Amino acid sequence: MAKRLGTVPLVRRIEYLETYLMGIKHGMSKEELEAALVDKKEELEQEKSIALGRGQASRAKSSGAAYLLRYCYRLSRDLGLISVGDSGNFLSDSGVYFLDSKKTDRIRLLTE
């Protein structure tokens, strides 16, 4: 059973959690995970700029990637989506199920 969260880590978009978990699944290093999160952040900022009708997308700041990585790790660990071992982090059965499910099911899983 996953432990109770004292405070919910500040992961505002499910896409960040999905990116983090996919990185863990593929055995990415900490630096690779940070780069993947920055790429996802830039992609989402670009989409937001287009949706809002802004001409120039603001650049995603990589300075926040370390915090985002830490928050994704805490959320994943506390929800039981990853397991922490001596050789590093890996997806738990819950994490595999989360990634294999549809987006609507993922959102439902997070709200439970």
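**A walk through the chain, starting at Leu81**

Let's begin at one residue and work outwards. Setting aside residues up to four places away in sequence, Leu81 touches Leu17, Leu21, Ser76, Leu91, Ser92, Ser94, Gly95 and Phe98. Keep in mind that you're looking at a predicted model. Leu81 sits in the loop between H3 and S1. Is Leu81 buried or exposed? Its relative accessibility is 7%, and the cut-off for buried is under 20%, so Leu81 counts as buried. One of its partners comes from far back in the sequence: Leu21 and Leu81 are 60 residues apart along the chain, yet their C-alpha atoms are separated by 8.1 Å.

Now zoom out. The chain has five helices and two strands, and if you trace it from the N terminus, the elements run α-α-α-β-β-α-α. Of the 112 residues in the chain, 34% are buried. Contacts like the ones around Leu81 also show up in the totals: if you take the contacts with a separation of 6 or more, 59% are between residues 24 or more positions apart.

Next, look at the helix that comes before Leu81. Helix H3 covers residues 65-78, which makes 14 residues. From its first C-alpha to its last it reaches 20 Å, close to the 20 Å expected at 1.5 Å a residue. Which residues of H3 are buried? They are Ala65, Leu68, Leu69, Cys72, Leu75, Ser76 and Asp78. Here's a handy thing to know when you read a list like that: an α-helix has 3.6 residues a turn, so residues three or four places apart point the same way. The cover over the buried residues of H3 includes helix H1 (14-25), helix H2 (30-52) and strand S1 (82-85).

H3 also contains Arg77, which is partly exposed, with a relative accessible area of 31%. Arg77 and Leu91 are 14 residues apart in sequence, and C-alpha to C-alpha they are 9.6 Å apart in space. Just after H3, Gly80 takes a positive phi of about 80°.

How do H2 and H3 pack? Their axes are 9 Å apart, at an angle of about 105°. H2 and H3 are therefore roughly perpendicular to each other. On the H2 side, the contact is made by Lys30, Leu33, Glu34, Leu37 and Val38, and on the H3 side by Ala65, Ala66, Leu68, Leu69 and Cys72.

Now jump ahead to another pair of helices. The axes of H4 (residues 93-100) and H5 (residues 103-111) come within 8 Å and cross at roughly 140°, so H4 and H5 are oblique to each other. Tyr97, Phe98, Leu99 and Asp100 of H4 make this contact with Arg106, Leu109 and Leu110 of H5. Look closely at two of those residues: Arg106 lies over the face of Phe98, at 5.6 Å from the ring centre. While you're looking at rings, the structure holds one aromatic pair.

Finally, go back to helix H1 and find Glu18. Glu18 is buried, with a relative accessible area of 12%. What is Glu18 in contact with, leaving aside its neighbours within four places in sequence? The partners are Phe98, Leu99, Lys103 and Arg106. Glu18 and Ser76 are 58 residues apart along the chain, with their C-alpha atoms separated by 9.9 Å. And that brings you back to the start, as Ser76 and Phe98 are among the residues that Leu81 touches.

Technical notes:
Residues are numbered from 1 along each chain as its sequence is written. This is a predicted model: local features need pLDDT of at least 70, side-chain atom pairs count only at pLDDT 80 or more; totals for chains, interfaces and linings use all residues. Side-chain values use heavy atoms; hydrogens and water are left out. Rings of Phe, Tyr and Trp (its six-membered ring) pair if their centres lie within 6.5 Å; planes under 30 degrees apart count as stacked, over 60 as edge-to-face and the rest as tilted. A charge sits over a ring if NZ of Lys or CZ of Arg is within 6 Å of the ring centre and within 35 degrees of the ring normal. Helices (H or I, at least four residues) and strands (E, at least two) are DSSP runs, numbered from the N terminus. The expected span of a helix is 1.5 Å times one less than its number of residues. Buried means under 20% relative accessible area, exposed over 50%, partly exposed in between (1.4 Å probe, protein chains only). Contact means heavy atoms within 4.5 Å. Axes are lines fitted to C-alpha atoms, for helices over the stretch in contact, and angles run from 0 to 180 degrees between N-to-C directions. Angles under 35 degrees count as roughly parallel, over 145 as roughly antiparallel, 65 to 115 as roughly perpendicular and the rest as oblique.
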